[in-house]
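Biologist: I would like to learn how to read the overall build of a protein chain from its model. Could you take me through it feature by feature?

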Amino acid sequence: VGHAVLAINGTEVNGRFTADGKDVLEFLGNPANYPVSIRFGRHRLSSNEKLMLASMFHSLFAIGSQLSPEIGSSGIEMLETDTFKLHCFQTLTGIKFVVLADPRQAGIDSLLRKIYEIYSDFALKNPFYSLEMPIRCELFDQNLKLALEVAEKAGPFGPGS
Amino acid sequence: MSRPSGRKQENHKISRELFVLTYGALVAQLCKDYEKDEDVNNCLERMGYGIGVRLIDDFLARSAVKKCRSYSETADMIAQVAFKMYLGVTPSVNCSSAAGNEFSLILDKNPLVDFVEELPAERASLCYCNLLCGVIRGALEMVHLAAEVTFLQDRLKGDAVTEIGITFLRKAEDRKHKR
């Protein structure tokens, strides 16, 4: 159901082979290797898939703000499901920051604003970053990771609890 | 290691002299590269534009201002918040057209020209601070406001004051609200 083997005994799996070259099915078929721990999960999205989903969301966002009975609607701010919440923050310049989080996670609003700051610092102020291209800036990634860690640690009640 | 929570505490002060010298070096180099004043002006404006399209997000992220609802609010925002934030000065704003889309910012003090008295004779039509015009134009464009920004008066050219004119052109996003 969309899930695949991600790791066996801690070693990552790529397709049919593990990171150290073993054939997965062969390995699992040999009782001598039991007990074995297998990690299943959804595949990580490739960059292309992410771009596709993002542009789909962008269209939904635009349609959402047009459909809204309120005039001058800001567009989709939150999408809530059983398993996750999608938060979206659109800047006045039209950039959308999207965060997917656990439904109980609080403090996403301030996380979104923090990400805006990080973007305006480490992406925009990098002269070698071209606007609208994927961000491949080391400092951006590092600071983003830090911000995410802070938000995660804060838990269901927001930072400072 | 914990980072300070507010952006305001992260002001790494760089000397104003270094900034002024850097800007001066930029203009001097452009004057060497281009013979015509017009070319230098255009180049400065283009550079400013490149700065403006990036600076706007820094401005919005740091100042957390709400969307401006009129050209007049926008002009005030530029003069009172943006200029203050980046150059430490607050120009005064005048609306110079009945249609409400032409404004001028009168700069009392301009840090960029603190050490420049007047333009040399052979560079009489140089807009020394044209970078600023580009910055404003680029920043406005990223929030979907097309504008023309030029120097209407310049103390360096012998005028009484330094005046930047902002003319807002047709707003692009009005279509959405027509029902």
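**Reading the fold of chain A**

Modeller: A good place to begin is the secondary structure, which in chain A of this predicted model comes to four helices and seven strands. Read from the N terminus on, the elements of chain A follow the order β-β-β-α-β-α-β-β-β-α-α.

Biologist: How does the radius of gyration of chain A stand against the globule rule?

Modeller: The idea is to set the spread of the C-alpha atoms against a value expected from chain length. For the 161 residues of chain A the rule gives 15 Å, whereas the radius of gyration is 20 Å, well over that value, so chain A is more spread out than a compact globule. Along the principal axes, the C-alpha atoms of chain A fill a box of roughly 65 × 40 × 35 Å.

Biologist: Which domains does the assignment give for chain A, and how many Å separate their centres?

Modeller: The assignment gives domain 1, covering 3-42, and domain 2, covering 77-154; the centres of these two domains of chain A, taken over C-alpha atoms, are separated by 34 Å.

Biologist: What share of the residues in chain A is buried, and what does the surface consist of?

Modeller: Counting a residue as buried when its relative accessible area is under 20%, buried residues make up 29% of the 161 residues in chain A. The accessible surface of chain A comes to about 11100 Å², and carbon and sulfur atoms account for 59% of that area.

Biologist: How are the charges of chain A placed?

Modeller: One compares the mean positions of the two kinds of charge, and in chain A those of the 15 positive and 18 negative charges lie 2 Å apart.

How values were computed
Residues are numbered from 1 along each chain as its sequence is written. Chains are lettered from A and ligands numbered from 1 in the order in which they are written. This is a predicted model: local features need pLDDT of at least 70, side-chain atom pairs count only at pLDDT 80 or more; totals for chains, interfaces and linings use all residues. Side-chain values use heavy atoms; hydrogens and water are left out. Helices (H or I, at least four residues) and strands (E, at least two) are DSSP runs, numbered from the N terminus. The radius of gyration is taken over C-alpha atoms; the globule rule is 2.2 Å times the number of residues to the power 0.38. Buried means under 20% relative accessible area, exposed over 50%, partly exposed in between (1.4 Å probe, protein chains only). Accessible areas come from the Shrake-Rupley method with a 1.4 Å probe; for residues, only the protein chains shown count as cover. Lys and Arg count as positive and Asp and Glu as negative; His and the chain ends are not counted. The place of a charge is taken as NZ of Lys, CZ of Arg, CG of Asp or CD of Glu. Domain bounds come from an automatic or database domain assignment.
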